[in-house]
Amino acid sequence: MEDSMKPPPLSKAVEAAAEVKVTTNGTQGNGETSEWTPYSWTTKPIKQDVVYDDRAAVSKALAKLERCPPIVTPTEICKLKERLREVALGKAFLLQGGDCAELFDYCNSDMIEAKIKLLLQMSLVLIYGAGKPVVRIARMAGQFAKPRSSPTEQHDGKTIPAFRGDNINGYDPAERTPDPSRLVSAYFHSAATSNYIRASLSSGIADLHSPLDWELGHVKDESIKAKYETIVNSITESLRFMKTVGADSASSSLET
């Protein structure tokens with residue numbers, strides 16, 4: 001009975017990652033390899049590695065992550081690659097936006113919707129002005145790491161580890177020791193954010209019939225608001241005309 005309750009053995013990828021995570025900064029893996037594998041990254045130089053004190057805790061976290069389903073599907077990846085191909089060919093415009101580094105606290109409906117709406121607003125203006133499709137990429141749902149110029153900092157006369165992002169340690173000085181369990185927490189925060197984004201898009205948040213619902217609370221300049229509203233009114237009138245003559249498409253949302 002006890003054997004059946006034990007977690008499955010670590011894969012080669014997890015074993016290699018665990019080995020790297022408890023070595024010193026900049027240490028490479030067990031030799032170079034010319035072919036890509038899920039663990040070939042361990043053979044490369046690491047400039048800002050995170051060193052954990054507890055190898056068992058690292059292995060446990062990595063084993064948990066390996067058993068979890070992927071946050072994105074192969075179909076989504078292939079779709080993005082096709083869209084980026086259009087960008088490379090000059091047939092579309094790439095818009096990327098988001099936080100330098102997310103916090104776990106950002107995983108809430110209001111903050112997620114605000115970022116989606118901001119990207120939709122910006123892309124609407126670009127589409128209107130450039131006459132090209134816009135590929136939107138959000139720096140969210142996993143941007144928890146924070147590279148630093150120094151691994152330590154001074155606090156109350158003491159040298160403590162620098163804050164490296166919520167998936168590594170905490171902002172509170174008492175939580176600066178790297179904690180591998182935060183890697184698992186980062187996965188679930190990423191998954192929750194991604195799922196809410198999908199749900200929001202499928203619920204019609206990108207509907208072009210109501211772009212003014214995307215709000216402009218972050219815009220302080222009244223003239224910029226007026227210009228945006230002019231663009232929106234023009235698009236709304238075009239959609240109304242297309243519907244009147246029966247030329248409206250099955251979907252009236254921005255492609256996402």
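# Close-up views of a predicted protein model

The protein averages a pLDDT of 81, and 71% of the residues score at least 70; pLDDT is the predictor's confidence in each residue, from 0 to 100. Over residues 1-5 the pLDDT is below 50, and this stretch has 0 contacts in the model beyond near neighbours in sequence; a contact means heavy atoms within 4.5 Å. Residues 23-29 also have a pLDDT below 50, but this stretch has 12 contacts beyond near neighbours in sequence. Where pLDDT is low, the predicted coordinates should not be read in detail. This is a predicted model: local features need pLDDT of at least 70, side-chain atom pairs count only at pLDDT 80 or more, and totals for chains, interfaces and linings use all residues. Residues are numbered from 1 along each chain as its sequence is written, and side-chain values use heavy atoms, with hydrogens and water left out.

**View 1. The whole chain combines 6 helices and 4 strands.** Helices (H or I, at least four residues) and strands (E, at least two) are DSSP runs, numbered from the N terminus. Along the sequence the pattern reads α-α-α-β-α-β-β-β-α-α. Of the 256 residues, 31% are buried. Buried means under 20% relative accessible area, exposed over 50%, and partly exposed in between (1.4 Å probe, protein chains only). Take the contacts between residues at least 6 apart in sequence: 66% of them join residues at least 24 apart. The accessible surface comes to about 16,100 Å², and 57% of it belongs to carbon and sulfur atoms. Such areas come from the Shrake-Rupley method with a 1.4 Å probe; for residues, only the protein chains shown count as cover.

**View 2. E76 and R198 meet in a salt bridge.** A search of the whole structure finds 6 salt bridges. Each is a side-chain nitrogen of Lys or Arg within 4 Å of a carboxyl oxygen of Asp or Glu. In the pair E76 and R198, the N to O distance is 2.9 Å. The pair links distant parts of the chain: E76 sits in helix α3, R198 in helix α5 (residues 181-202), 122 residues apart. E76 is partly exposed, at 32% relative accessibility. R198 is partly exposed as well, at 31%.

**View 3. K115 and D99 form a salt bridge.** Here the N to O distance is 2.4 Å. K115 belongs to helix α4, while D99 lies in the loop between β1 and α4, 16 residues apart. K115 has 16% relative accessibility, so this residue counts as buried.

**View 4. R176 pairs with E153.** Their closest N and O atoms are 2.8 Å apart. R176 lies in the loop between β4 and α5 and E153 in strand β3, so the salt bridge ties together parts that are 23 residues apart in sequence. R176 is buried, at 5% relative accessibility. E153 is partly exposed, at 26%. Elsewhere, salt bridges that share partners join D166, E175 and R182 into one network.

**View 5. Strands β3 and β4 form a hairpin.** Strand β3 covers residues 152-155 and strand β4 residues 158-161; they run antiparallel and are joined by 4 bridges. Two strands pair if DSSP finds at least two bridges between them. Q154 stands opposite T159 in β4. The hairpin has 2 residues between its strands. In the turn, D156 has a positive phi of about 55°, although D156 is not a glycine. D156 is exposed, with a relative accessible area of 70%.

**View 6. A141 has a positive phi too.** The value is near 65°, in a residue other than glycine. A141 lies in the loop between β2 (134-139) and β3. A141 is buried, with a relative accessible area of 16%.

**View 7. L80, L84 and L94 make a nonpolar surface patch.** The patch covers about 210 Å². Patches are made of residues with over 30% relative accessible area and no salt bridge: like charges are joined within 9 Å, nonpolar side chains (Val, Leu, Ile, Met, Phe, Trp, Tyr) within 5 Å. L84 lies in helix α3 (residues 74-88). At a relative accessible area of 32%, L84 is partly exposed.

**View 8. D105 lies in a loop between β1 and α4.** Strand β1 spans 93-98 and helix α4 spans 109-130. D105 is exposed, at 65% relative accessibility. The C-alpha atoms of D105 and H189 are separated by 9.1 Å, with the two residues 84 apart along the chain.
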